[in-house]
Each structure stands twice: as structure tokens, then as C-alpha cells.
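Visitor: Please take a close look at a single part of this structure. I would like the strands and their crossovers.

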Amino acid sequence: MTVMHHLTILGSTGSIGENTLDVVARHSDRFHVVALTANKNVNKIFTQCQRFHPKYAVMLDAVSAEQLEKKLRAAGIDTQVLAGIESLERVASLAEVDAVMAAIVGAAGIRPTIAAARSGKKVLLANKETLVMAGRIFMDIVKQYHAILLPIDSEHNAIYQSLPRHFSGDLASSGVRRILLTASGGPFRRLTLSNLDHVTPEQACAHPNWIMGRKISVDSATMMNKGLEVIEAHWLFDAASDKIQVVIHPESVIHSMVEYIDGSVLAQLGNPDMRTPIAHALSYPERMESGVKSLDIFEIAQLNFEAPDFARFPCLRLAYEALSAGGNMPAVLNAANEVAVESFLAGQMPFTAIPVMIEQALQMISRTEIASLNDVLTADSIARDVAREWLACQA
């Protein structure tokens with residue numbers, strides 16, 4: 001008999017959330033959606049409620065929650081509408097929920113993701129900021145409350161699939177020499193450096209291979225996304241920074257690799273479609289159909305690799321430096337980057353100012369140790385203030 005799994009999807013209106021619902025809809029005999037959450041996108045989550053009939057819908061924004069409540073009542077849908085960060089934590093830790101898709105973008109996803117881990121859930125982690133900002137705290141909670149942690153980022157999911165089935169968390173004892181973290185290089189890999197000053201948000205969001213949200217698309221264009229993934233891999237696989245090699249792979253067919261001490265390199269390949277890692281994590285340790293078309297290796301024919309250019313992608317260098325510094329520095333890096341990307345998308349500063357703002361924040365804020373989630377949130381708040389003050393001085 002098929003076992004029914006009950007899900008909460010944090011960030012259901014984003015690209016990961018939508019892809020998760022696409023996979024779930026293909027297996028309605030295996031998955032039931034208990035809760036959906038969003039920030040302000042009332043129309044999209046209303047449509048999702050019409051189709052999946054969750055018990056709860058949570059809006060982070062209170063005004064949006066009121067709007068959703070009215071639409072649902074008018075449509076005769078009895079989904080209970082909640083609002084605020086505490087409600088996100090509540091639906092992430094419901095006793096009736098088995099698995100939580102943590103797909104809220106940015107620092108806003110930390111508290112509900114930690115709540116899911118603290119409740120011993122199967123956590124499908126797409127919110128990389130939880131590990132970037134609070135890696136040690138989060139991993140300790142995962143172990144203490146016996147949560148199951150499965151990575152959703154295509155790169156980390158590929159590494160997870162390429163490691164031994166019962167990976168202990170110790171690369172050396174598993175015979176792993178290093179992790180090879182692939183990156184497409186984004187839309188500006190070949191653009192002359194002098195032209196980077198003039199790129200528009202629309203150009204930065206036009207990723208050559210992946211369909212993603214605007215924030216993560218800009219992160220991909222600066223390669224900050226890869227820098228955050230280096231920090232994420234550090235915590236997920238207990239890998240030192242010098243054991244994580246970033247590799248530019250423009251075709252985005254190999255999603256990452258693991259090199260063993262006998263010279264073997266194991267890789268996970270597939271079309272660039274997030275439904276593959278989502279289906280892998282949802283059905284783990286089994287496999288299930290995801291809707292992703294077969295990889296045509298004859299059509300691809302050729303795969304290319306190159307080392308990253310730190311002059312072109314200073315955000316990648318900053319991420320490695322923040323990881324090496326430790327303490328509050330990864331949280332500062334992440335917060336300053338969120339302010340920088342938001343400011344760029346709003347037309348308040350050029351693309352090339354993104355790494356400048358982040359480096360200013362890293363230099364102006366003193367390194368301190370992180371002992372609690374409150375320390376993380378304090379570092380986040382200070383970094384945002386410093387970044388905004390820097391931007392104001394540029395006007």
C-alpha cells in the first residue's frame with residue numbers, strides 16, 4: 001500500500017515552490033499538501049489553494065493575508081489563513097506534517113526552517129541562507145532533533161547523490177579528495193569588464209540555462225550564488241574551503257562532482273530542471289518520475305570546463321573570504337548582498353557596485369563569534385544598516 005506523505009511548502013509561489021507542486025501533482029496518491037506559504041503574492045497562492053486545498057495558507061505580510069482570506073471565502077474554499085513569521089514556524093512544525101520544503105528566498109526563511117528541524121521533520125533545504133548565516137547552529141539542531149536533511153540546490157543534491165549512500169559526514173574516511181561544485185558562469189561570462197557597468201536588471205535576470213527568481217538570477221550573474229553554495233557545501237558535507245573547487249561549466253549538464261582518492265570522479269548529470277532534485281528528495285531513498293525529459297547526450301555532444309575568474313566575479317572571492325573568517329562574517333556577507341541586489345534591481349546602483357557594497361560591509365563590521373540565532377539576526381540587521389548607509393552616501 002502506498003504511504004501518504006504530508007507536506008508543508010514554505011515559499012510555494014517561488015520557482016522551487018511551483019516546481020514542487022508540479023511534482024506533487026504527478027503523485028497525488030503519495031503526497032498531500034497541508035500548508036502553503038508566501039510573502040505577498042495573493043493571486044498565485046489563491047490559485048494554488050484552489051488546486052491543492054491545503055488546510056493552511058500563510059502570508060508573511062498581514063495585509064496580503066486579509067486579501068487572501070476574502071478571496072478564499074468568496075470562492076467557498078475553507079483553507080485557514082494565517083499571517084506572520086510565527087505562523088510560518090507553526091506550519092513548519094505541525095505534528096501532522098512529515099516533510100517541509102524550505103524554499104523561502106533569503107534570511108526570512110531561517111526561522112521556519114529551524115522550526116522544521118527542531119520538530120524532527122524531513123527538511124528539503126532550498127533556503128541556502130539558513131546554512132550560510134547559521135550553519136553551525138542549524139546543523140547542531142538537525143542532529144539533536146534527528147531531523148532528516150536533504151539538499152535541493154541542484155549542485156548539493158548532485159554531490160549528495162555522488163557521495164556514498166550512508167555518508168558519515170567525514171569526507172576523509174569516505175575516501176573523498178574534494179568536491180567539484182559546478183557553475184554556469186551566468187549571462188556575463190564573456191562580456192567585457194568595461195560593459196558590466198551598464199548591464200540592466202533584465203539582462204542580469206536572463207540566465208542562459210535556468211529559469212529562476214530575480215534575486216537568485218542576479219546572484220548567479222555575480223556568482224555570489226556560487227559563493228553562498230560554497231559555504232552551504234562546507235556545512236552540509238563538513239568540507240574545508242580548500243576541498244571545494246568551483247568549476248565553470250557553461251552547459252549546466254553536470255550538476256556537480258565528487259573526486260575520490262583513487263582518482264574516480266563521480267558526477268550527477270541531467271537537464272537543468274529543478275524537478276529532478278525535488279523529486280529525488282521527496283521520494284528519497286526511492287526514485288519517482290519527475291516530468292523531466294531524458295538527457296540527450298548526442299545533442300549536447302560537448303561539455304566544457306574552465307576555472308572561475310575572480311577579477312570578473314569578485315563576489316565569489318568575498319564568499320571564500322567570509323567562510324575563512326567565520327563567525328558573523330557569512331551572515332554579514334549574505335545580508336549586504338541581499339541589500340545590494342535589491343538596490344540594483346530597483347535601479348538605485350549599477351551592477352558593478354554590488355561587490356563594492358558587500359566588501360564595504362565586511363570591512364566596516366568587526367568579526368564576532370556566533371553563539372545563538374539572536375547573534376545571527378543581530379549580525380544580519382547591522383549589515384543591512386551599514387549597506388544602506390553606504391548606498392545613501394553614494395547618492
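Guide: Here is a walk along one strand and its neighbours.

This is a predicted model: local features need pLDDT of at least 70, side-chain atom pairs count only at pLDDT 80 or more, and totals for chains, interfaces and linings use all residues. Residues are numbered from 1 along each chain as its sequence is written, and side-chain values use heavy atoms, leaving out hydrogens and water.

Start with strand β2, residues 31-38. Helices (H or I, at least four residues) and strands (E, at least two) are DSSP runs, numbered from the N terminus. Of the 8 residues in β2, 7 are buried. Buried means under 20% relative accessible area, exposed over 50%, and partly exposed in between, with a 1.4 Å probe and protein chains only. So β2 is mostly covered.

Now its partners. Two strands pair if DSSP finds at least two bridges between them. Strand β1 (residues 5-10) runs parallel to β2, joined by 5 bridges. H5 has F31 in β2 as its bridge partner. Between β1 and β2 the chain passes through helix α1 (residues 15-25), in a right-handed β-α-β crossover. Right-handed means that, with the strands pointing away from the viewer, the path from the first strand over the helix to the second runs clockwise.

Strand β3 (residues 56-59) also pairs with β2: 4 bridges, parallel. There, A38 stands opposite M59 in β3. Helix α2 (residues 42-52) completes a right-handed β-α-β unit with β2 and β3.
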